[in-house]
Amino acid sequence: MASDQLASPAGAGARDVMAGLRTPILRGARVLLRPLSISDWDAWREVRLRCVTWLGRWEPVLELGGVDPLFSRAAFASWCAAWEHERRLDLSYAFGIFLLDGRFVGEISVGGVYRGSFHTGYLGYWIDEAVAGSELAPEGIVLLMQYAFESLLLHRLEAVIMPDNHPSTRVAEKLTLRSEGLAVRFAQVAGEYVDHVRYAMTVEEWREGRDRLIRRFPTRPVAR
Ligand SMILES: CC(C)(COP(=O)(O)OP(=O)(O)OC[C@H]1O[C@@H](n2cnc3c(N)ncnc32)[C@H](O)[C@@H]1OP(=O)(O)O)[C@@H](O)C(=O)NCCC(=O)NCCS
């Protein structure tokens with residue numbers, strides 16, 4: 001398919017948006033993205049517990065309204081079911097990041113999907129500290145961007161990054177996300193509302209840069 005045919009104007013892609021109802025498996029050269037399921041609890045928990053300090057500085061304090069999935073298999077199952085439900089409602093698309101040998105190494109999502117006249121969503125991602133610096137996150141994000149722009153037909157993806165999060169800022173630069181400036185007290189992180197730099201890419205920018213990005217971070221066709 002030619003890259004200029006990859007996305008339809010808002011409203012014209014309802015059939016393709018049904019892609020969100022299927023369970024996608026996205027494959028790159030080194031990583032595979034698939035929704036988490038209950039069988040991933042042990043691996044997920046091992047990484048999350050080991051990386052508490054690594055991740056805590058950049059993540060919101062969540063009000064889960066119940067038991068923390070870190071300490072309850074049943075809560076983790078509910079959490080996976082909630083993601084699945086959100087996917088079916090076209091609200092968010094969350095994946096575990098796995099190496100091709102099956103090792104769990106992180107998570108990635110497009111959340112806050114808003115259709116209407118926007119067709120937009122927010123990127124979120126984290127990676128196991130033990131494999132940081134291997135460009136696994138940018139590889140996973142390119143896979144997800146391709147899925148979001150070309151299968152879900154989103155028009156815009158946004159990432160919001162704290163100015164002192166140097167590793168994540170580098171990821172935005174590698175992915176050629178465009179800085180849209182500082183949003184004051186934009187989101188809650190570690191219990192406080194703090195400033196974030198907003199980065200974005202539109203589908204028009206994706207079409208311009210996709211071949212370069214995919215050459216650098218190879219993807220494979222979406223499997224279902
Ligand atoms: C941001 C993050 C996902 C980047 O993932 P990654 O797969 O390591 O990405 P990269 O390999 O491209 O590395 C990005 C930068 O991290 C830095 N980095 C490299 N190795 C590192 C390490 N072992 N520890 C910390 N930072 C490291 C480097 O500055 C690197 O940029 P460079 O390649 O120009 O040197 C990861 O650092 C992470 O999970 N951080 C904690 C959670 C987080 O910040 N999420 C994003 C919130 S907006």
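Let me begin at a turn: in the hairpin of E4 and E5, which has five residues between its strands, glycine 116 takes a positive phi near 50°. Please keep in mind throughout that we are looking at a predicted model. Next to that turn, tyrosine 114 has threonine 120 as its bridge partner in E5, and over their whole pairing E4 and E5 run antiparallel, joined by seven bridges.

If we now go back along the chain, we meet another hairpin, that of E3 and E4, which has four residues between the strands, and here glycine 102 takes a positive phi near 100°. The two strands of this hairpin, E3 and E4, are antiparallel and are joined by six bridges, one of which you can find by looking at phenylalanine 98, whose bridge partner in E4 is phenylalanine 104.

Going back once more, E3, which covers residues 93–99, is also joined to E2 by four bridges, again in the antiparallel sense, and in that pairing arginine 34 has glycine 96 as its bridge partner in E3. E2 itself, residues 31–34, pairs antiparallel with E1, residues 26–27, over two bridges, and these two strands make a hairpin with three residues between them.

So how do the strands line up when we put them side by side? They form an open sheet of eight strands, in the order E1-E2-E3-E4-E5-E6-E8-E7, and the pairing in the sheet is mixed. At the edges sit E1 and E7, the latter being residues 178–189, and each of them pairs on one side only. For the chain as a whole, the count is seven helices and eight strands, and of the contacts with a separation of 6 or more, 64% are between residues 24 or more positions apart.

I would like to follow one residue in the sheet with some care, and I have chosen valine 110, which is found in strand E4, residues 104–114. Is valine 110 buried or exposed? It has 25 other C-beta atoms within 10 Å, and because the cut-off for a buried residue is 20 or more, valine 110 counts as buried. Its bridge partner in E5 is leucine 123, and, leaving aside neighbours within four places in sequence, its contacts include Ser92, Tyr93, Leu144 and Ala148. Serine 92 is worth a look on your screen, since it is 18 residues from valine 110 in sequence, while the two C-alpha atoms are 5.6 Å apart in space.

For a contrast, please turn to aspartate 195, which lies in strand E8, residues 192–202. With 15 C-beta neighbours inside 10 Å, aspartate 195 counts as partly exposed. Leaving out residues up to four places away in sequence, aspartate 195 touches Pro163, Leu182, Ala183, Val184, Arg185 and Phe186, and of these leucine 182 is 13 residues away in sequence and 6.7 Å away in space, C-alpha to C-alpha.

Now to the interior. Buried residues make up 33% of the 224 residues in the protein chain, and the largest nonpolar core has 52 residues, with Leu33, Ile97, Ile141, Leu144, Met145 and Ala148 having the most contacts inside it. Which element gives the largest share of this core? That is H5, with ten residues. Leucine 33, which is the bridge partner of leucine 26, is in contact with residues including Phe95, Ile97, Ile108, Leu143 and Leu144, once neighbours within four places in sequence are set aside.

Helix H5 deserves a moment of its own. 15 of its 15 residues are buried, so the helix is largely enclosed by the rest of the structure. Its length can also be checked: at 1.5 Å a residue, the 15 residues should span 21 Å, and the end C-alpha atoms are indeed 21 Å apart, which agrees.

Finally, we come to the ligand, which has 21 residues around it, the nearest being Trp58, Gly133, Ala137, Pro167 and Arg170. The elements that give two or more residues to this shell are helix H3 (52–56), strand E5 (120–127), helix H5 (136–150) and helix H6 (166–174). H6 gives the most, with six residues. What kinds of residue make up the shell around the ligand? They divide into 13 nonpolar, five polar and three charged, and with that I will stop.

Notes: Residues numbered from 1 in each chain as written. Predicted model: local features only at pLDDT ≥ 70, side-chain atom pairs only at ≥ 80, totals over all residues. Near = placed C-beta within 6 Å. Nonpolar A, V, L, I, M, F, W, Y, C, P; charged D, E, K, R; others polar. Core = buried A, V, L, I, M, F, W, Y, C linked by C-beta atoms within 7 Å. Buried ≥ 20, exposed ≤ 12 C-beta atoms within 10 Å, placed from the backbone. Contact = placed C-beta atoms within 7 Å. Expected span 1.5 Å × (residues − 1). Pairing = 2+ DSSP bridges.
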